[in-house]
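User: I have a structure to study for class, and I would like to go through it step by step. Could we look at it together?

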Amino acid sequence: MVFNGRQLLKANPIYAKISVLIHNGKPICESLIIVDYIDSVWPNPHKLLPEDPYEKAVARFWADFGDKKVYDAGSRLIRATTEEERKKASEDLKWALMKIDEALDTIAPGKPFFGGDSTNFADVALAPFICWFKGYQKVGGFVLPGPEELPNLHKWVNAVKSVEAIRKSTPSPDKVGEFAEVIRKRAIGSA
């Protein structure tokens with residue numbers, strides 16, 4: 001379903017933005033909440049959220065970490081209007097990616113995903129950031145550290161890119177890079 005502005009505001013009056021899922025005439029808002037809802041409503045042999053309460057909490061933590069740390073740093077990097085802002089955002093983004101690399105080694109040592117041999121909630125939540133790396137580089141000068149510095153992250157990126165459902169639903173890095181340039185131009189124009 002495609003929303004016009006009025007319909008979107010009615011479906012998501014708090015944030016007035018996407019993502020919104022309408023199920024049985026009721027809106028469910030925000031990407032991570034939608035994924036959690038889908039995982040609960042439509043049974044699937046491969047659950048995204050683990051049954052174990054601790055493992056579920058860990059998956060939710062890393063999904064939230066992506067929203068709070070990776071998204072924030074990447075957004076600031078794209079919108080940076082000074083070299084100081086760009087440098088700080090780059091450092092914060094690198095720090096966040098280092099923490100993800102460390103977490104992968106701790107949570108699922110030797111495995112490709114946060115969920116071990118298969119994806120879980122954290123993998124699905126963090127996967128969209130992969131297509132932004134090119135945009136971060138293109139407009140913010142961010143260079144993703146190589147596999148020698150972040151081996152677990154690179155292994156994870158390659159594994160996530162091999163998942164057909166994620167590959168099909170993620171925009172191309174080139175398109176995201178173009179979009180990042182539009183965001184940057186608007187940020188510079190309003191500064």
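Analyst: The following exchange covers the core, the salt bridges, a surface patch and one loop residue; please note that the model is predicted.

User: Let us begin with the record. Which residues does the "GST C-terminal" annotation cover?
Analyst: According to the unreviewed UniProt entry, the domain annotation "GST C-terminal" covers residues 52-179. Over residues 52-179 the chain is 70% helix and 0% strand, and the C-alpha atoms at the two ends are 39 Å apart.

User: Which residues touch the most other members of the largest nonpolar core?
Analyst: They are Trp62, Leu93, Leu97, Ile100, Phe114, Tyr136 and Trp156, in a core of 41 residues. Helices H3, H4, H5, H6, H7 and H9 each supply at least two residues of this core. The largest share, nine residues, comes from H3.

User: Why would such residues gather?
Analyst: In soluble globular proteins, nonpolar side chains tend to be buried together.

User: And what does Ile100 touch?
Analyst: Leaving aside residues up to four places away in sequence, Ile100 touches Trp62, Phe65, Val70, Phe114, Leu126 and Leu153.

User: New topic: how many salt bridges are there?
Analyst: The structure holds 12 salt bridges. One of them joins Arg60 and Asp36, with the closest N and O atoms 2.9 Å apart. Arg60 lies in helix H3 and Asp36 in helix H2, so this pair ties together parts that are 24 residues apart in sequence.

User: What about a salt bridge inside one helix?
Analyst: Lys68 and Asp64 form one, at 2.9 Å from N to O. Both residues lie in helix H3, four residues apart, which is about one turn of the helix. Lys68 is exposed, with a relative accessible area of 51%, whereas Asp64 is partly exposed at 30%.
Analyst: Another is formed by Glu102 and Lys99, at 3.3 Å from N to O. These two lie in helix H4, three residues apart. In addition, salt bridges with shared partners join Asp72, Arg76, Lys88 and Asp92 into one network.

User: Back to the outside: which residues make the nonpolar surface patch of about 240 Å²?
Analyst: Ile38, Val41 and Trp42 make that patch. Val41 is found in helix H2, residues 31-41. Val41 counts as partly exposed because its relative accessibility is 31%, which lies between the limits of 20% and 50%.

User: Last one: where is Asn24, and is it buried or exposed?
Analyst: Asn24 is in the loop between strand S1 (20-23) and strand S2 (26-29). Asn24 is exposed, with a relative accessible area of 66%. Although Asn24 is not a glycine, its phi is positive, at about 55 degrees.

Technical notes. Residues are numbered from 1 along each chain as its sequence is written. This is a predicted model: local features need pLDDT of at least 70, side-chain atom pairs count only at pLDDT 80 or more; totals for chains, interfaces and linings use all residues. Side-chain values use heavy atoms; hydrogens and water are left out. Patches are made of residues with over 30% relative accessible area and no salt bridge: like charges are joined within 9 Å, nonpolar side chains (Val, Leu, Ile, Met, Phe, Trp, Tyr) within 5 Å. Accessible areas come from the Shrake-Rupley method with a 1.4 Å probe; for residues, only the protein chains shown count as cover. A salt bridge is a side-chain nitrogen of Lys or Arg within 4 Å of a carboxyl oxygen of Asp or Glu. Buried means under 20% relative accessible area, exposed over 50%, partly exposed in between (1.4 Å probe, protein chains only). UniProt positions are given in the numbering used here, feature names are shortened, and annotations may be inferred rather than shown by experiment. A nonpolar core is a set of buried Ala, Val, Leu, Ile, Met, Phe, Trp, Tyr and Cys residues joined through side-chain atoms within 4.5 Å. Contact means heavy atoms within 4.5 Å.
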